[in-house]
Amino acid sequence: MKSSKPKILFLLVAILILCHSVEAQKNTRQNISPADQIKIETLMRQMTIEEKIGQLSLFASGWDNTGPSMNNDYKKLIKEGNAGAVLNAFSVDYVREVQKLAVEGSRMKIPLLFGYDVIHGFRTIFPIPLGQACTWNLKLIEEAERVAAIEATAAGINWTFAPMVDIARDPRWGRVMEAAGEDAWLGGKIAAARVRGFQGNDLKSENTLMACVKHFAAYGAAMAGRDYNPVDMSPVSLYEWYLPPYKAAVDAGAGSLMTSFNEIAGIPSTCNAWLLTDLLRKEWGFKGFIVTDWTAINEMVNHGVAEDNKDAARLAINAGVDMDMEGSTFLNYLGELLNEKKVSQARIDEAVRSVLEAKALLGLFEDPYRYCNKTRQETEIMTPEKLALARKMVTESCVLLKNDKQTLPIPAGVGSIAVIGPLADSKGDMLGGWSAAGEWEKCITLLEGIRNKVNGKIPVVFEKGCNVNDADKSGFEKALDVANHADYVILALGEDREMSGEAASRSGLNLPGVQEELAEMIINTGKPIVVVLFNGRPLTLTRLNEIAPAILESWFGGTQAGNGIADILFGDINPSGKLTMTFPKNVGQIPLFYNSKNTGRPFNPEKPDEKYVSRYLDVDNDPLYPFGYGLSYTSFTYSGLEATLSGDTVNIRAHVTNTGDRDGEEVVQLYVHDKIGAITRPVKELKGFQKILVPKGKTRTITFILTRDDLAFYHPDLKKYWEPGEFIIQIGSNSKETISTSIFLN
Ligand code: BGC
């Protein structure tokens, strides 16, 4: 007879596994497989407190720092089990080498997360996020993030510090380039599209990347547009205008979230228990892990809420932070704080579990080298399809701001072109800020894009004219000379890539240096001229708008910038981009945004000299270019707007006619104004949009459906509900030019 021992052993193991997994399920927040749950619980039992704290510490590899380094020997820390994640390390060989230190060199062999700022592409760089938002093409944005995820994971990365979803109404703040603009509703749609693009359907797949929504919360409202500055606002404003995109990213399943540097109403986000635990975890049900921004815990000493780094660590962990980025405060003090009973074992365990769960979700326990596939690195980066998508994104992100006398597209018979300006042939600037592993050498400049397009058939002459940001005018004369000898002039002006992004606030938003003077001189030649702008934020272009026949906003277009812009300039593609951030006339108007409130003394344009009304003495209240604005080579008219009530829904219908002579895409925008509310309502709010192709001479009927929930807003009790009454429904081509009707809801 065979021994029954193996059977009994098998039974015992099965019971053990079952007990483990029942207990694990109690602990876990995520949808973790039973095998991973067992792995996590086994580790939790075996880890020392030091090893647990190690999982809560993130260190930079030193390749690419964006702040002060607190601890340089990250390799030693990894081997000792004192690091749970690394940022700024990429390429298969390097990631493999560093991962090996963790899974072979440390006692618990827990794989590391590899984080990086993949903000608008990894190697194939797409237009900056603000430019991408101007496409109003959610599918395209999602596809771009898919490409970013494929490329980043092919180079060892498994975690991106994106999407950045901070709503911003102040273009002085340099980080507007990383965001989607000023509208919370649109921002939410874009945030969700980005998360879907990064994470795909299955985080365990070797080409999906864990997202980290940032910076929680309201970082975009930094006072006076100065980076890292405090934020102060009413709770209703926070809920209504700043929180929705974070919530949308959380609802889309973002695996992690980053705290912001700023305080809100006196409490730095990194120690804000209400924000991180009550709202995010309990109310929104966020299941991922929370990481700080770079040394944000240490900075609480400067903020003046903590005595020292130890005190700051206590505040952060107790507020709900799970991982310390680069600050070493958890590493240095959590053990002591635990002994002193200032932090509970349960809170530490909860944080550790959330980090281990992220590793499980990414499949790192099954294969720590899942993202270290050399073949993928060689074959999946910068493929022709990815470059084609980047080029398409450039064309859709370009916004045509002005086009007098059909200066654009460049006429077919033009005999010679002068390309002038400091940004016309500047490869490095094309990348824009936060360009991950983008290679500037591979960027196509505007000059190259134009030369590619004309293919030697007509002469294209280049003169730089001046630098971006100094007073040197020695190049003016040559620039004038080439302009005088050309049939058509393209002027490439703007900011350099370092002038926007982190720590790049500006108090003036004019074209820097002597560029406006250069423009004035060249435009005075009377030649047909288009100004192509490269910049990471709305600029004050009042003078340029007066003098330039045509202006095309191209942002920083990334790897394919020049090719995409040339597609627009030569009319191969009809521009369809629309601004997602208001362009003010001067900085004194800031903050200026479309969904503003009325005042008790509104300015009446028909009585321009009226005194006691809400106005400036030296500039009107209107922006230079409003939210939603952008021209096409064709023209659209709107008609037949109807809004009818059927049961609980408002059905809206309008006709859009292409009245020009070429096919064009139009972003049809739906705005609503709730006339009377318990608390005041904005003059209009974006509630829907559709990007449609309308062939020349044709009319398309578009429909929108709004539910009562769509008309709800936050009340002083921070609950969202709608109120009966009259609603003005507006449809149009931008936030200023709309046709309207109204509807009553009981
Ligand atoms: C930025 C974050 C970024 C982090 C890591 C910080 O300075 O504020 O947005 O993710 O650095 O690079």
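**Close-ups of a predicted model**

**View 1. Who lines the ligand site.** In this predicted model, the shell around the ligand splits into seven nonpolar, five charged and two polar residues. That shell adds up to 14 residues around the ligand, and the ones that come nearest are Asp117, Arg175, His215, Asp293 and Glu502.

**View 2. Polar contacts to ligand oxygens.** Zoom in on the side chains of Asp117, Lys214 and His215. Asp117 puts a side-chain N or O atom 2.5 Å from an oxygen atom of the ligand. For His215, the distance from a side-chain N or O atom to a ligand oxygen is 2.7 Å. Lys214 joins in too, with a polar side-chain atom 2.8 Å from an oxygen atom of the ligand. How much of the ligand does the protein bury? On its own the ligand would expose 310 Å², and the protein buries 100% of that.

**View 3. Cysteines without partners.** If you're hunting for disulfides, a search of the whole structure turns up zero. Take Cys134: it is in no disulfide, and the nearest cysteine sulfur belongs to Cys398, 9.8 Å away. With a cut-off of 2.5 Å between sulfur atoms, that pair doesn't qualify, so Cys134 stays unpaired. Is Cys134 buried or exposed? Cys134 counts as buried because its relative accessible area is 1%, and the cut-off for buried is under 20%.

**View 4. Another unpaired cysteine.** Cys271 is likewise in no disulfide. Its nearest cysteine sulfur is that of Cys212, sitting 18 Å away. Cys271 has a relative accessible area of 13%, so it goes down as buried as well.

**View 5. Domain 1 meets domain 2.** The chain is carved into three pieces: domain 1 (33-117 + 266-372), domain 2 (392-589) and domain 3 (636-745). Measuring tape aside, the model puts the C-alpha centres of domain 1 and domain 2 43 Å apart. Which residues make up the contact, by count? Domain 1 supplies four residues and domain 2 supplies four residues.

Key
Residues are numbered from 1 along each chain as its sequence is written. This is a predicted model: local features need pLDDT of at least 70, side-chain atom pairs count only at pLDDT 80 or more; totals for chains, interfaces and linings use all residues. Side-chain values use heavy atoms; hydrogens and water are left out. A residue is near a molecule or strand if one of its heavy atoms lies within 4 Å of it. A polar contact is a pair of N or O atoms within 3.5 Å; within protein, one must be able to donate a hydrogen and the other to accept it, and residues adjacent in sequence count only if both atoms are side-chain atoms. Accessible areas come from the Shrake-Rupley method with a 1.4 Å probe; for residues, only the protein chains shown count as cover. Ala, Val, Leu, Ile, Met, Phe, Trp, Tyr, Cys and Pro count as nonpolar, Asp, Glu, Lys and Arg as charged, and the others, Gly among them, as polar. Buried means under 20% relative accessible area, exposed over 50%, partly exposed in between (1.4 Å probe, protein chains only). Domain bounds come from an automatic or database domain assignment. Contact means heavy atoms within 4.5 Å.
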